[in-house]
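Reader: I'd like to go through this model with you, one question at a time. Can you keep the reasoning short and finish each reply on what I asked for?

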Amino acid sequence: MAKSKTTFFCQNCGAQYAKWAGQCTSCKAWNTLVEEVVERGSKPPLWEGEGPSKKVAKPLRISEIQTGNESRLPSGDPELDQVLGGGFVPGSLTLIGGEPGIGKSTLMLQTAIRSDRKTLYISGEESQGQIKMRSERIAAASDSCYILTETLTQKIFRQAEALRPDLLIVDSIQTLHSDYLDASPGSVSQIRECTAELIRYAKESDTPVVLIGHITKDGSIAGPKILEHMVDTVLQFEGDRNHVFRILRGLKNRFGSTAELGIYEMQANGLHPVANPSQLLLSQNRESLSGTAIAATLEGVRPLLIEIQALVSSAVYGTPQRSATGFPPRRLNMLLAVLEKRAGFKLAAKDVFLNVTGGIQVDDPAIDLAVLAAILSSNADLTIPSDWCFAAEVGLAGEIRPVPRIGQRITEAEKLGLSVIFVSSHASVPEKNHAIDVRRVARVEDVVRSLFGSTP
């Protein structure tokens with residue numbers, strides 16, 4: 001039996017301490033240090049196929065290193081493959097996190113079922129019967145998908161060695177535990193040890209491994225931060241459970257770009273890729289509605305048109321309300337101050353409500369101009385033409401600032417049949433014949449005159 005050693009780990013950041021303290025000096029969190037027993041000593045092989053490597057690593061000049069064509073394992077999901085950079089890389093470790101009920105397990109289960117490769121799905125949260133019921137709802141039966149309900153890593157590796165799958169999915173990493181540690185599942189030391197064992201298995205067997213992870217109340221992936229450093233790829237599954245759209249973002253990718261993202265629509269039979277999300281996010285009947293404007297934004301490298309809705313009304317109580325859904329509230333307050341100071345609109349005594357339709361969160365500064373247009377339209381109760389859109393940032397001095405990749409935004413608006421797009425007068429618009437009218441504006445006053453014909 002290896003000698004045991006007692007240490008203290010911060011459950012928030014994973015920092016290690018020799019003795020207990022009230023505050024973690026690394027992340028400044030209080031009462032997060034928990035005592036855990038760590039067993040140190042020589043470890044037997046994790047599975048029968050593992051053993052001492054006969055290769056001796058030697059330093060090589062970078063010019064002498066031989067590289068071949070990178071082979072990837074397609075997942076069968078075009079959106080997931082796009083975010084991964086073409087598919088799963090053999091021997092890689094991928095971590096996907098998201099809120100409870102957002103669809104992480106559904107996405108990975110339908111990937112396992114629809115793939116033509118042999119896949120082993122490890123579940124530590126559901127029974128085989130529960131997974132079977134869910135699989136019947138989202139996809140047809142598959143002979144290449146194997147389900148195992150187990151939480152002990154040593155037993156998982158023995159089954160994986162016997163089956164030799166092409167893809168291993170673990171749901172979730174917080175439920176696994178190893179016999180080499182006395183700590184409880186989900187603790188910092190167990191998560192770190194189980195992840196290290198899975199990395200050893202992935203590298204030795206050349207099998208891609210996917211880990212599903214929980215998140216904390218502030219939206220970060222639960223467990224030590226070193227978990228995200230250990231894996232090769234970190235994906236974030238986002239969206240509002242009350243809406244149908246889900247967004248898969250790449251936060252870290254050692255084998256591709258993190259600018260790609262996938263967009264899904266949640267339906268009764270699972271998650272379905274959305275080929276043209278702009279058409280689904282735009283309302284089809286907006287001719288007689290004030291307070292609505294279209295913004296040309298970018299999600300990763302994908303252009304997207306979204307609808308901004310605003311409602312301006314007289315404040316019933318002494319303090320006016322400022323509410324924003326899908327848009328940063330502080331930025332809304334800044335834009336209202338710009339309208340008050342630079343354009344002369346008296347909005348200090350009025351309630352302002354803002355909503356980004358579709359339940360998505362947008363942080364792109366390029367939608368500033370659309371937000372201003374929607375607020376002004378609701379305040380004056382005048383309708384903005386339904387085939388007009390906006391793509392520009394608004395500065396504190398009331399100037400209209402250019403945004404990157406304006407050509408992609410114009411092309412997306414042109415593709416959906418819009419007739420006018422407002423951009424900054426300093427934007428570098430590609431020199432080509434556009435079917436859409438590109439109108440350049442320099443200040444907020446220019447936008448007001450273009451929309452309503454006069455300024456207050």
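Reader: Does Leu60 count as buried or exposed?

Author: Keep in mind that this is a predicted model. Leu60 sits in the loop between strand 3 (33–39) and helix 1 (78–84). The cut-off for exposed is over 50% relative accessible area. Leu60 has 55% relative accessibility, so Leu60 counts as exposed.

Reader: Which residues form a nonpolar patch on the surface with Leu60, and what is their accessible area together?

Author: Leu60 shares the patch with Ile62 and Ile65. Taken together, the accessible area of Leu60, Ile62 and Ile65 is about 350 Å².

Reader: Let's zoom out. How many helices and strands does the chain have, and what does the C-alpha trace span along its principal axes?

Author: The count for the chain is eleven helices and 21 strands. As for the span of the C-alpha trace along the principal axes, that comes to about 85 × 55 × 50 Å.

Reader: What share of the residues counts as buried, and what share of the exposed area do carbon and sulfur atoms supply?

Author: The chain has 456 residues, and 49% of them count as buried. The chain exposes about 21900 Å². Of that area, the part supplied by carbon and sulfur atoms is 50%.

Reader: Among contacts between residues at least 6 apart in sequence, what percentage joins residues at least 24 apart?

Author: Here a contact is heavy atoms within 4.5 Å. Taking the contacts between residues at least 6 apart in sequence, the portion that joins residues at least 24 apart is 67%.

Reader: Now the inside. Which helix gives the most to the largest nonpolar core?

Author: The largest nonpolar core has 49 residues, and Ile306, Ile308 and Ile375 have the most contacts inside it. Eight residues of this core come from the helix that gives the most, which is helix 9 (residues 368–380).

Reader: And which residues does Ile375 touch, not counting those up to four places away in sequence?

Author: Leaving out residues up to four places away in sequence, Ile375 touches Leu332, Leu336, Leu339, Leu347 and Val352. Completing the list of residues that Ile375 touches are Ala310 and Val312.

Reader: How many residues does the second, separate core have?

Author: Leu148, Ile173, Ile191 and Ala202 are among the residues of this second core. Its total is 27 residues.

Reader: Is Glu307 buried or exposed, and which side chain does it join in a polar contact?

Author: Glu307 is in strand 14 (residues 302–314). Buried means under 20% relative accessible area; Glu307 has 2%, so it is buried. The polar contact is 3.3 Å and joins the side chain of Glu307 to that of Gln309.

Reader: On to helix 4. What do its buried residues pack against?

Author: An α-helix has 3.6 residues a turn, so residues three or four places apart point the same way. In helix 4 (residues 153–163), the buried residues include Thr153, Ile156, Phe157, Ala160 and Leu163. The buried residues of helix 4 pack against strand 5 (119–123), strand 6 (145–149) and helix 5 (188–205).

Reader: Which residue follows helix 4, and what is its phi?

Author: Helix 4 is followed by Arg164. The phi of Arg164 is positive, near 50°.

Reader: Salt bridges next. Which residue does Arg134 pair with, and how far apart are the closest N and O atoms?

Author: Arg134 is buried because its relative accessible area is 11%. Its partner has 22% relative accessibility and so counts as partly exposed. That partner is Glu126, with the closest N and O atoms 2.4 Å apart.

Reader: Which residues are linked with Asp232 in a network of salt bridges?

Author: Asp232 meets Arg254 in a salt bridge of 2.7 Å, N to O. This pair links distant parts of the chain, 22 residues apart. Asp232 counts as buried because its relative accessibility is 5%, while Arg254, at 46%, counts as partly exposed. The residues linked with Asp232 in the network are Lys203 and Arg254.

Reader: Last one: what separates the C-alpha atoms of Asp437 and His177?

Author: Asp437 lies in strand 21 (residues 437–441) and forms a salt bridge with Arg439. Asp437 also touches Ser419, Val420 and Ile421, not counting residues up to four places away in sequence. His177 is 260 residues from Asp437 along the chain, and their C-alpha atoms are separated by 61 Å.

Terms used: Residues numbered from 1 in each chain as written. Predicted model: local features only at pLDDT ≥ 70, side-chain atom pairs only at ≥ 80, totals over all residues. Heavy atoms only, no water. Patch = residues over 30% accessible without salt bridge, like charges linked within 9 Å, V, L, I, M, F, W, Y side chains within 5 Å. Areas by Shrake-Rupley, 256 points an atom, 1.4 Å probe, with all protein chains shown as cover. Salt bridge = Lys/Arg side-chain N within 4 Å of Asp/Glu carboxyl O. Helix = DSSP H or I, 4+ residues; strand = E, 2+ residues; numbered from the N terminus. Buried < 20%, exposed > 50% of the residue type's maximum accessible area, 1.4 Å probe, protein only. Polar contact = N/O pair within 3.5 Å; in protein donor to acceptor, adjacent residues only side chain to side chain. Core = buried A, V, L, I, M, F, W, Y, C linked by side-chain atoms within 4.5 Å.
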